[in-house]
Amino acid sequence: GNVFYTGKGVEVDRARGIHHCQQAAMKGDVESRHNLGVTEYNKGNFELAVQHWMISAEMGYEDSLNYIKDVFKEGHATKAQYAEALLGYRDAVEEMKSPQREE
């Protein structure tokens, strides 16, 4: 999606880039979900941006958690949303830990 959206090596086609990001996000790609949030934020759709970032933060994507914190400070996300994202992020990170990884 990012290749078409930014035109890296191909002609810029933002609609096609967004489509590919949406497809990847629906299949669980956390970075694509985050990028959809960035796209919506840049269009001024703060509520939709926060929804995308909530999903990716709850999948353990730290950048999304930080973006939610920033938009909370800007007044575009609620304290409850930030708290939910923080808890979801923490739970995802805890789930990813395992004794074998920590050795």
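This report describes the fold, core, buried polar residues, salt bridges and aromatic pairs of a predicted model.

## Overall architecture

The chain is built from helices, with 7 of them and 0 strands in its secondary structure, so that the order of elements, read from the N terminus, is α-α-α-α-α-α-α. Of its 103 residues, 31% count as buried. Among the contacts in the chain with a separation of 6 or more, 36% are accounted for by residues 24 or more positions apart.

## The nonpolar core

The largest nonpolar core of the model holds 12 residues, namely A49, V50, W53, M54, A57, L65, I68, V71, A77, Y82, A85 and Y89. Three elements give two or more residues each to this core: α4 (46-57), α5 (62-74) and α6 (79-96). The largest share belongs to α4, which provides 5 residues.

A85, one of the core residues, shows how these parts of the chain come together. When its neighbours within four places in sequence are left aside, A85 is in contact with M54, A57, E58, L65 and I68. Of these partners, M54, A57, L65 and I68 are also listed in the core.

## Helix α3 and its end

Helix α3 covers residues 30-42, and its 13 residues, at 1.5 Å a residue, should span 18 Å; the C-alpha atoms at its ends lie 19 Å apart, which agrees with that expectation. The buried residues of α3 are S32, R33, H34, N35, L36, G37, T39 and E40, a list in which polar and charged side chains appear beside L36. After α3 comes G44, a residue with a positive phi, near 90 degrees.

E31 also belongs to helix α3, but E31 counts as partly exposed because its relative accessible area is 41%, which lies between the limits of 20% and 50%. Although E31 and S64 are 33 residues apart along the chain, their C-alpha atoms are separated by 9.0 Å.

## A buried serine in helix α5

S64 lies in helix α5 and has a relative accessible area of 0%, so this serine counts as buried. What does the side chain of S64 make a polar contact with? The partner is the side chain of H34, at 2.7 Å, and H34 is itself one of the buried residues of α3.

The wider surroundings of S64, leaving aside its neighbours within four places in sequence, consist of contacts with H34, W53, S56 and A57. Two of these residues, W53 and A57, are members of the largest nonpolar core.

## Salt bridges

How many salt bridges does the model contain? The count comes to 3. One of them joins the side chains of E40 and K43, with an N to O distance of 3.6 Å. The two partners are set in contrasting surroundings: E40 counts as buried because its relative accessibility is 12%, below the 20% limit, whereas K43 is exposed, with a relative accessible area of 52%.

A further salt bridge is formed by D91 and R90, whose closest N and O atoms are 3.2 Å apart. D91 is partly exposed, at a relative accessible area of 40%, and R90 is likewise partly exposed, at 46%. K97 and E94 also form a salt bridge, with 3.3 Å between their closest N and O atoms. Here K97 is partly exposed, with a relative accessible area of 43%, and E94 counts as partly exposed at 45% relative accessibility.

## Aromatic pairs

A search of the whole structure finds 4 aromatic pairs. One of them is made by F72 and Y82, whose rings are stacked, with 5.8 Å from centre to centre and 15 degrees between the planes. This pair links distant parts of the chain, since F72 is in helix α5 and Y82 is in helix α6, 10 residues apart. F72 counts as partly exposed because its relative accessibility is 30%, whereas Y82 is a member of the largest nonpolar core.

Ring pairs also link Y41, F46, W53 and Y67 into a cluster. Within this cluster, W53 is a residue that also belongs to the largest nonpolar core and that is in contact with the buried S64.

Methods. Residues are numbered from 1 along each chain as its sequence is written. This is a predicted model: local features need pLDDT of at least 70, side-chain atom pairs count only at pLDDT 80 or more; totals for chains, interfaces and linings use all residues. Side-chain values use heavy atoms; hydrogens and water are left out. A nonpolar core is a set of buried Ala, Val, Leu, Ile, Met, Phe, Trp, Tyr and Cys residues joined through side-chain atoms within 4.5 Å. Buried means under 20% relative accessible area, exposed over 50%, partly exposed in between (1.4 Å probe, protein chains only). Helices (H or I, at least four residues) and strands (E, at least two) are DSSP runs, numbered from the N terminus. Contact means heavy atoms within 4.5 Å. A polar contact is a pair of N or O atoms within 3.5 Å; within protein, one must be able to donate a hydrogen and the other to accept it, and residues adjacent in sequence count only if both atoms are side-chain atoms. The expected span of a helix is 1.5 Å times one less than its number of residues. A salt bridge is a side-chain nitrogen of Lys or Arg within 4 Å of a carboxyl oxygen of Asp or Glu. Rings of Phe, Tyr and Trp (its six-membered ring) pair if their centres lie within 6.5 Å; planes under 30 degrees apart count as stacked, over 60 as edge-to-face and the rest as tilted.
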